[in-house]
Amino acid sequence: MTLDIKICGLKTEEAVDRAVALGATHIGFIFFAKSPRHIEPADAGRLADRVRGKVKIVSVSVDPDNDDLDEIVALMRPDILQLHGKETPDRVLTIKAVTGLPVWKALSIADADDLRRIEAYDGIANRFLLDAKPPKNSELPGGNGVSFDWRLLAGLDASVDYMLSGGLNKDNVGEALRIARPTGIDTSSGVESSPGVKDLKMMDEFFEAVRLAEASSNIAA
């Protein structure tokens, strides 16, 4: 099994190029005005064109309406749509049908009960992104730099394909991989010097930590 690595919230040519050079399998662009990582679809499309075909391009949006999706698909041409809001299973089905694209559903996790929400989307979402619940008063559904108890995932059915997110950085990603053993990982704030500003050195260190974890525990074997 090859570990998927997604760097999310990209906004510059330098960060996009470095993510791909380091071995990212997915890069994400965020369309949410309240986020410091927000980008316009046309700008995301230009950045995506630099590496299209080398990496999977992911659109990240929160409760998008059909007009939002039309603009994103037309201008950015994503490979995958990631939904990070309160989209229902029916809404996910509709989006898949209208766009013809695979859809990942992000779910916020704080305790074991939150994992039960997966059942409603089973067979509907193409993949899950399991993130930490945002702190109180945060306006961001993700990208808050907080993690959840990865031990909760020990009881998760092995058939659930998910990407682990929430506060992953160079210091904790090895432990996260050892405990959760996900098929993919996602980081955004964990490679930033300040909210929305990707740090190339921190990206280097994150990928180095992942490779060291893989080598020491055969995570990707």
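Trainee: Leaving aside neighbours within four places in sequence, which residues is L164 in contact with?
Mentor: This is a predicted model in which local features need pLDDT of at least 70, side-chain atom pairs count only at pLDDT 80 or more, and totals for chains, interfaces and linings use all residues. Residues are numbered from 1 along each chain as its sequence is written, and side-chain values use heavy atoms, with hydrogens and water left out. Contact means heavy atoms within 4.5 Å. With those neighbours set aside, the partners of L164 are L130, F148, W150, L153, A176, A180, P182, G184, I185 and D186.

Trainee: Which residues touch the most other members of the largest nonpolar core, and which helix gives the largest share?
Mentor: A nonpolar core is a set of buried (under 20% relative accessible area) Ala, Val, Leu, Ile, Met, Phe, Trp, Tyr and Cys residues joined through side-chain atoms within 4.5 Å. In the largest one, of 58 residues, the members that touch the most others are F29, L130, L164 and I185. The largest share of this core, six residues (200-217 is the span of the helix), comes from α8.

Trainee: How many residues does the second, separate core hold?
Mentor: Among its members are F32, I80, W104 and A106. The size of this separate core is 10 residues.

Trainee: In which order do the strands of the closed barrel run?
Mentor: Strands are DSSP runs of E of at least two residues, helices runs of H or I of at least four, both numbered from the N terminus; two strands pair if DSSP finds at least two bridges between them. The closed barrel has eight strands with parallel pairing. Its order is β1-β2-β3-β4-β5-β6-β7-β8.

Trainee: In β7, what is the bridge partner of L130?
Mentor: L130 belongs to the side of β6 that also bears F128 and A132, while R127, L129 and D131 point the other way. β6 (residues 127-132) and β7 (residues 162-164) pair in the parallel sense over three bridges. The bridge partner of L130 in β7 is L164.

Trainee: How many of the six residues of β6 are buried?
Mentor: The side chains of a regular strand alternate between the two faces of the sheet. In β6, the residues that point one way and those that point the other way are all buried. The number of buried residues in β6 is therefore six of six.

Trainee: Why do the buried residues of α3 lie on the same side of the helix?
Mentor: An α-helix has 3.6 residues a turn, so residues three or four places apart point the same way. In α3 (residues 66-76), the buried residues are L69, I72 and M76. They lie on the same side because the arc that they cover around the axis, taken from the directions from the helix axis to the C-beta atoms, is only 75 degrees.

Trainee: Which residues are exposed on the other side of α3?
Mentor: The buried residues of α3 pack against β2, α2, β3, β4 (80-83) and α4 (89-99). Exposed means over 50% relative accessible area, with partly exposed in between. On the other side of α3, the exposed residues are D67 and A74.

Trainee: Which residue joins its side chain to that of H84 in a polar contact of 3.5 Å?
Mentor: H84 lies in the loop between β4 and α4 and is buried, with a relative accessible area of 10%. A polar contact is a pair of N or O atoms within 3.5 Å; within protein, one must be able to donate a hydrogen and the other to accept it, and residues adjacent in sequence count only if both atoms are side-chain atoms. The partner of H84 in this contact is D131.

Terms used
Buried means under 20% relative accessible area, exposed over 50%, partly exposed in between (1.4 Å probe, protein chains only).
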